[in-house]
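Dear colleague,

Please find below the structure that I am handing over to you. I would be grateful if you could look through it alongside the notes that follow.

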Amino acid sequence: QQQDDFSGAVLFAGEAYNVVVENYDCVHPQVQEAAGMLIDCLIQKGDLVNAERFSQQTYENIRDRKNGMDQEGEEVALGSYNLANVIHRQNGDLLKAEKLAREALRIRSFIYRSDDHMIGASCDLLARILQSQGKFEDETKRLFERSLAIFIRYEGPDGRNTAMAIMNIGLYYLELARI
């Protein structure tokens, strides 16, 4: 049943993406938002190959300077975040994923308040990527702690992202204890 729900979500997100692509330039913010939803649905469905392919293409579109896209804007940060997330979930090129996650965090740190949920998401992703590389230094710990603090402030102690941040920092400490 759950797989059917994800398939329906992917179909709906794909249709939404096609509608906005027909009406706007490929780097228009609404196209990027629809692309992000489709990528997220593909990730949730477990179709990481197509999620990576679509993330890579979307990222290349927004990074193409001929499009006139603000290279320090949220669209670039989201493209970097999405591609880093998919690469990490596939245990792909973690150095590339780290570079992309750092780019997303850098841009978002410039755009948003220091306690914005977008920064929390970027901190959490970068921390998970560093952990996957076996990097358990202070930076990884600080990133996990920062993301947790942001999510608690943003959505409270019972929020979905707060729960994920608690789980991620718990897994970090579990793996650190094993080492």
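The notes below cover confidence, salt bridges and aromatic side chains, in that order.

Please bear in mind that this is a predicted model. The protein chain has a mean pLDDT of 88, and 87% of its residues reach 70 or more. Among the elements of the chain, H5 has the highest mean pLDDT, at 98, whereas helix H1 (residues 2-23) has the lowest, at 65. Where pLDDT is low, the predicted coordinates should not be read in detail.

Turning to the charged side chains, the structure holds nine salt bridges. Three of them are described here, beginning with the pair formed by Glu103 and Arg63. Their side chains meet at 2.4 Å, N to O. Glu103 belongs to helix H5 (residues 94-111) and Arg63 to helix H3 (residues 48-63), so this salt bridge ties together parts that are 40 residues apart in sequence. Glu103 counts as buried because its relative accessibility is 13%, below the 20% limit. Arg63, by contrast, has a relative accessibility of 26% and therefore counts as partly exposed.

A second salt bridge joins Arg102 to Glu98, with the closest N and O atoms 3.0 Å apart. Both residues are in helix H5, and because they are four residues apart, about one helical turn separates them. Here too the two partners differ in accessibility: Glu98 is buried, with a relative accessible area of 10%, while Arg102 is partly exposed at 32%. The pair also belongs to a wider arrangement, since a network of salt bridges links Glu98, Arg102, Lys135 and Glu139.

The third salt bridge is between Asp124 and Arg128, whose closest N and O atoms are 2.9 Å apart. Both residues lie in helix H6, four residues apart, or about one turn of the helix. Helix H6 spans residues 117-132. Is Asp124 buried or exposed? With a relative accessibility of 9%, Asp124 counts as buried, and Arg128 is buried as well. Leaving aside residues up to four places away in sequence, Asp124 touches Phe144, Ser147, Ala165 and Asn168.

One of these contacts, Phe144, leads on to the aromatic side chains. Phe144 forms one aromatic cluster with Phe136, Tyr172 and Tyr173. In the structure there are three aromatic pairs. For Tyr172 and Tyr173, the ring centres are 5.2 Å apart and the planes stand at 70°, so the pair is edge-to-face. The accessibility of these two tyrosines is not alike: Tyr172 is buried, with a relative accessible area of 1%, whereas Tyr173 counts as partly exposed at 37%.

A charge placed over an aromatic ring should also be mentioned. The charged end of Arg108 sits over the ring of Tyr81, at 5.2 Å from the ring centre.

To recapitulate for your reading of the model, the Glu103 and Arg63 salt bridge connects helix H5 with helix H3, while the salt bridge of Asp124 and Arg128 lies within helix H6. Asp124 also touches Phe144, which is a member of the aromatic cluster.

With kind regards

Definitions and conventions: Residues are numbered from 1 along each chain as its sequence is written. This is a predicted model: local features need pLDDT of at least 70, side-chain atom pairs count only at pLDDT 80 or more; totals for chains, interfaces and linings use all residues. Side-chain values use heavy atoms; hydrogens and water are left out. Helices (H or I, at least four residues) and strands (E, at least two) are DSSP runs, numbered from the N terminus. Buried means under 20% relative accessible area, exposed over 50%, partly exposed in between (1.4 Å probe, protein chains only). Contact means heavy atoms within 4.5 Å. A salt bridge is a side-chain nitrogen of Lys or Arg within 4 Å of a carboxyl oxygen of Asp or Glu. pLDDT is the predictor's confidence in each residue, from 0 to 100. Rings of Phe, Tyr and Trp (its six-membered ring) pair if their centres lie within 6.5 Å; planes under 30 degrees apart count as stacked, over 60 as edge-to-face and the rest as tilted. A charge sits over a ring if NZ of Lys or CZ of Arg is within 6 Å of the ring centre and within 35 degrees of the ring normal.
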